[in-house]
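Trainee: I am new to this structure and would be grateful for a close look at a single part of it. Could you take one strand and describe its surroundings?

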Amino acid sequence: MHGSRRDFLKLAGVTAMGLSAATLGLLGDGAQAADALPQAADFANPLTAKRWAMVIDTAKLDEDTMEKCIHACHSFHNVPEIAGKQTIKWLWKDEFEATFPSERPDYLSEDVKKREFLLLCNHCTNPPCVRVCPTKATFQRPDGLVAMDYHRCIGCRYCMAACPFGARSFNFQDPAPFIKEVNPIYPHRTRGVVEKCTFCVEHLAQGQLPLCVQASEGAMVFGDLSDPDSVVRKVLKEKFAIRRKPELGTEPGVFYIL
Amino acid sequence: MYNAKFIIPGLIVFLLLVLFPFVKGFGTPEMKVELEKPKTAKQCVLKTEQMRDSHMVLLNEWRDMALREDKRVYTAPDGKKYDISLTNTCLQCHENKEKFCDKCHNEVGVDPYCFSCHNLAPVKKEGGK
């Protein structure tokens, strides 16, 4: 009886030592040095707006271009590639029924039935994710962007339940091992936080358009929805565009031309 | 005094335990940490003493400025402008976390979680971990 208690205490001691050693372990892994680091002068002429919005011409986007857009986004922002239920996505694609479930078309045209749609965070005017976040980790900026402060995220995933567009992904595990090539000038995320598309705030701050828009070969336009002369308003004046699940009243900032 | 045979030895043991760290540490030299200074720059964002004392406060301010207020440029007291970024500004000069950040952090036993996200860009290039 005494022996077994002593053994138990020994084991407990060794376990405690092991645990404390694990927490001392070094975190993260590095990558190659960056060639072009942003300097203070790069932020002199940021793009600004009252309400950022995006219009996607879905007929112009083919398979290759969509893949290019996704790659441009995911490779820059260090989005890990994880298959299955724990997948992380900022920009992804899906078919009509999943994209516009409330449209309920009985006889879809063959063309639209086959078409895939590029999906991302809609940066809603009334974002439900912001309302439910208990720590204000998710917040809405004055220019309409729904941004995240990963430092504050406690991983409760209320925002994921609230978002009707599935735009948010949770890091169930450390994402670092799943990033093929780490982009050294952009941080990655850690286990236990939610992440999503940022409308490329870091590029807007440097006066550049979002990466997917740059890679879309003109199929996507990005601009100020409140400015009648902006590119997005010009496109919307000419072509009929719809938004995802408008009946929910979140007022998405991403428009789709069919 | 009641129970003096328990209380006095108890007090002695208590005092020994409380004073042990002071007795043990007496005469040992002051803690000194050798840091690898950046080769590319001479002046940090703030004075060395200020950075040593309150770099964590500055980093928190930078985080809120960049994320919440969308202010991306920090003007140092000497007028020089910096991109507000731990990844791209701090770690650009302080290339090797193990030879700079970790030295003090390990010595004083703090474990900040900065580096679970912010890349240690050039460390690998030097053959580090």
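Mentor: What follows is a description of one strand of chain A and its surroundings. This is a predicted model, in which local features need pLDDT (the predictor's confidence in each residue, from 0 to 100) of at least 70 and side-chain atom pairs count only at pLDDT 80 or more, while totals for chains, interfaces and linings use all residues. Residues are numbered from 1 along each chain as its sequence is written, and chains are lettered from A and ligands numbered from 1 in the order in which they are written. The model has an ipTM of 0.78 and a pTM of 0.80.

The part chosen is strand E3 of chain A, residues 116-120; strands are DSSP runs of at least two residues, numbered from the N terminus. Four of its five residues are buried, so the strand is largely enclosed by the rest of the structure; buried means that 20 or more other C-beta atoms, placed from the backbone, lie within 10 Å of the residue's own.

Strand E2 (residues 91-95) of chain A runs antiparallel to E3(A), and five bridges join them; DSSP must find at least two bridges for strands to pair. Leu119(A) in E3(A) is the bridge partner of Trp92(A).

Leu120(A) has contacts (C-beta atoms, placed from the backbone, within 7 Å) with Trp90(A), Leu91(A), Ala167(A), Cys197(A) and Val254(A), leaving aside neighbours within four places in sequence. Leu118(A) and Leu120(A) are among the residues with the most contacts inside the largest nonpolar core, which has 52 residues. Such a core is a set of buried Ala, Val, Leu, Ile, Met, Phe, Trp, Tyr and Cys residues joined through C-beta atoms within 7 Å. Strand E1 (residues 52-57) of chain A gives the most to this core, with five residues.

Technical notes
A residue is buried if 20 or more other C-beta atoms lie within 10 Å of its own, exposed if 12 or fewer, and partly exposed in between; C-beta atoms are placed from the backbone. Two residues are in contact if their C-beta atoms, placed from the backbone, lie within 7 Å.
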